[in-house]
Amino acid sequence: MHLKKLTLAFLVSAIAAHAAPAESIDVTDKPTDFIIAKGVNLKPDKQGFLLTREMDLPAFEKGAYYRPFSGGVARGNRVEAMAFDSLADLQNYKPSKTRKDHKSVQEGQFVLLQIKDGKYLALLPMTSDLSYSQFFMEKGKLLLKSGSFGTDAVKGDLPLLIWAYGDSPYSATREVWKQVIDSGFVSTDWRSNKPYPEPYAHLGWCSWEFYKTKISEKIIVDAAHTLEASEAPFRWLMVDDGYFNEEGRRLIDFSTDKKKFPNGWKPITDLKNPEKLKWMGVWRNTIGYMSGISNKNTMDDISEHLVKTANGKAMVPKGTQESTKAFHDKMAKDAIDNGFDFTKVDFQTKAFDIYKGMGNAVSAVRANNDALEAACEKYELPLLNCIAQPNVNSLQTKYSALMRSSPDYNQSDKDKNKCNTYQSFANHLWMGQTVWGDLDMFHSHDERDVQPMAIARAISGGPVYISDEPSKIVADVLIPFAFEDGRLLRTRAPATLLPESFFIHPFRGNDVFRVVAPLEDNVAAIALFNFTEAAEPLTETISADDYPHAGELLQPTGAPWTQPEGGLLIYDRDAKKMTALDGDFESEVGDFGAKLFLLYPNTEGWAVVGRIDKYLPSAAVKVHSVSENEIVFTLHESGPLAIWSETGAPKMEGAEFREVSDKLYVADLEVKIGAKEITVTR
């Protein structure tokens with residue numbers, strides 16, 4: 001690899017106001033680097049930018065460029081990776097039929113490059129409480145622009161860019177985020193340091209996709225009763241948008257619309273049942289409502305903390321720590337006081353647009369993000385961030401552990417659901433360092449796309465919830481996600497793409513994209529998705545070389561898993577077969593189809609497959625000891641149990657095993673709540 005090793009001339013002790021020269025950032029072969037413009041004293045230009053730098057990249061073979069595919073507030077959950085082979089290819093990007101209007105190549109927030117020597121390079125534009133950096137493509141050049149998007153002069157050090165090389169996409173990205181977290185410029189933390197919110201570890205239902213804003217007390221109460229009667233083990237319900245006391249899409253106060261919810265929240269939250277719907281959540285908007293807070297609002301207790309927007313048509317919290325704290329404390333406390341247990345806060349990037357043209361939009365958004373995180377932590381209100389993917393928001397997840405990784409599921413648009421699914425798994429590469437990704441709700445009764453949507457959510461590791469009109473729920477689709485008490489069988493880290501799938505065109509090409517995630521006992525889950533526009537079955541392979549990548553997703557070490565001494569076994573959950581993974585395992589995936597496989601170590605001729613009635617069988621077991629003649633493990637909940645035995649039928653007290661395919665045996669244990677330690681011999 002031939003890389004330039006020029007010093008970064010723009011790192012001067014001070015930059016005079018209005019004197020930002022057109023300089024470059026030379027990405028050298030230094031393993032990691034953090035580029036900071038020191039001592040800046042600048043006033044934003046008319047677009048809100050403070051400085052611009054041209055990126056001088058090393059030679060590369062392929063790239064994945066992460067950018068919002070649409071402008072305006074919608075970009076807040078539309079960060080999407082697109083493959084490119086050169087900057088000219090990126091500049092002239094044309095979307096596929098499936099992606100339709102996904103034309104934008106601006107406001108990039110992450111780049112992954114496959115370098116010619118087999119290494120990978122990850123580059124992240126940085127943000128702080130003063131400025132927000134992004135990539136732009138102009139005249140065939142990749143530029144980094146940093147701005148405050150306000151009117152006040154900015155003085156101080158501006159973090160611009162972090163890069164890191166690695167032997168895989170995962171190690172390069174992890175090294176970038178280590179610098180982010182240690183930088184002191186942002187307020188986030190590793191995913192593994194933050195508890196996964198308890199409600200979201202269970203099966204749930206949300207009002208949005210079916211009802212949209214047309215909800216009422218009767219609709220939600222009826223939905224709760226129907227969910228409780230379902231054979232699927234629902235444990236939570238979320239009331240989404242459509243209940244606010246507002247005028248002209250501006251918040252008056254946090255009470256309910258009296259026509260829709262005449263009795264407030266009590267008739268709904270009183271329905272909580274420790275054995276059924278244990279938790280209820282509520283949707284919020286980070287700046288009050290879609291267009292902010294009404295000038296006629298009745299929140300007198302925080303009136304001194306509100307200020308009119310630049311156009312004077314609405315109000316927002318003043319962009320100070322004190323004022324944003326007052327607003328978000330009030331919002332979180334209102335949810336708790338009304339009996340809600342968790343919250344989804346939406347349109348975080350909309351706040352950025354509303355604060356533009358005021359003093360410093362980035363500082364105001366940072367203050368709101370920090371206040372929201374602190375309020376939810378203070379009131380023990382688990383937070384799902386939504387429309388918050390841009391770095392100005394996503395690098396501020398100090399306590400929260402969940403973030404939407406795609407736009408909304410769409411019950412009538414298969415192409416959008418294709419895009420959303422690929423987008424989510426690609427995004428989990430960078431998002432997954434600090435949060436679990438949320439793939440959004442789906443419909444269990446939609447026969448057309450339920451199979452790929454279900455497999456995507458099963459392997460994702462994130463929340464699983466639906467939005468069917470309650471009478472249409474198909475319990476058989478949902479039961480394989482969870483135990484009898486509603487707890488989800490989950491992966492140990494957010495699933496993401498296998499390396500080659502970052503650099504393909506998953507729709508207009510002829511490539512199945514492949515997804516990997518780690519499970520307990522060093523079991524790897526791999527899903528195959530055929531979302532191509534060719535609309536025909538495609539054959540894809542899985543090999544032992546895919547297995548180590550599952551370990552790279554685990555924190556804190558991210559070390560690749562070593563190949564087990566006894567080799568690997570691959571379990572085909574559709575065929576209920578298990579075979580040795582000696583070479584390439586081939587499988588045909590139908591149009592708009594998905595398949596899920598699990599790779600198990602062959603240990604002393606044993607493999608506990610687990611609960612074969614679940615999407616993730618191995619998530620139901622934990623192996624304690626293995627010898628040639630005996631294996632001891634915990635079955636987290638009793639149910640149909642599969643074991644692979646290389647040398648004879650397994651034996652277990654109180655149960656009989658039958659051979660369902662070569663060396664794969666099943667004991668039809670009764671489904672029963674409660675963990676059980678099991679010893680199996682042969």
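Which element gives the most to the lining of the largest pocket? H10 does, with four residues. The points below concern a predicted model.

1. The largest pocket. This pocket holds about 620 Å³ of space. Its lining is made of 35 residues, and those closest to the pocket's centre are Asn77, Arg78, Pro407, Asp408 and Lys416. The elements that give two or more residues to this lining are helix H3 (208-211), strand S18 (342-346) and H10.

2. The cavities. Empty space can be found by rolling a probe the size of a water molecule over the atoms. In the whole structure, six cavities of 30 Å³ or more turn up. The largest cavity contains about 130 Å³ of space. It is lined by 14 residues, and Arg191, Gly432, Gln433, Glu552 and Leu553 lie nearest its centre. Helix H2 (169-182) and helix H10 (414-431) are the elements that give two or more residues to the lining of the largest cavity. H10 is thus named for the largest cavity and also for the largest pocket.

3. The length of helix H4. This helix covers residues 217-229, which is 13 residues. At 1.5 Å a residue, H4 should span 18 Å, and its end C-alpha atoms are 19 Å apart, so the expected and computed values agree.

4. The two sides of H4. Which residues of H4 are buried? They are Glu217, Ile220, Val221, Ala223, Ala224 and Leu227. Seen down the helix axis, these buried residues fall within an arc of 160 degrees, and therefore they line one face of H4. The general rule is that an α-helix has 3.6 residues a turn, so residues three or four places apart point the same way. Lys218 and Ala229 are exposed, on the other side of H4.

5. What H4 packs against. The buried residues of H4 pack against two strands and a helix: strand S11 (204-206), strand S12 (236-239) and helix H5 (266-269).

6. Arg75. This residue sits in the loop between strand S4 (60-68) and strand S5 (79-84). Is Arg75 buried or exposed? Arg75 counts as buried because its relative accessibility is 4%, and the cut-off for buried is under 20%. The side chain of Arg75 makes a polar contact with the side chain of Asp353, at 3.2 Å. Leaving aside residues up to four places away in sequence, Arg75 touches Pro68, Ser70, Glu107, Thr349, Phe352, Asp353, Lys356 and Pro390. Asp353 therefore appears both as the polar partner and in the list of touched residues.

Terms used:
Residues numbered from 1 in each chain as written. Predicted model: local features only at pLDDT ≥ 70, side-chain atom pairs only at ≥ 80, totals over all residues. Heavy atoms only, no water. Buried < 20%, exposed > 50% of the residue type's maximum accessible area, 1.4 Å probe, protein only. Polar contact = N/O pair within 3.5 Å; in protein donor to acceptor, adjacent residues only side chain to side chain. Contact = heavy atoms within 4.5 Å. Expected span 1.5 Å × (residues − 1). Arc of directions from axis to C-beta. 1 Å grid on protein atoms, 1.4 Å probe; cavity = no way out; pocket = protein on both sides within 12 Å on 5 of 7 lines; lining within 4 Å. Points joined across faces, edges and corners; volume = space filled by probe spheres on them.
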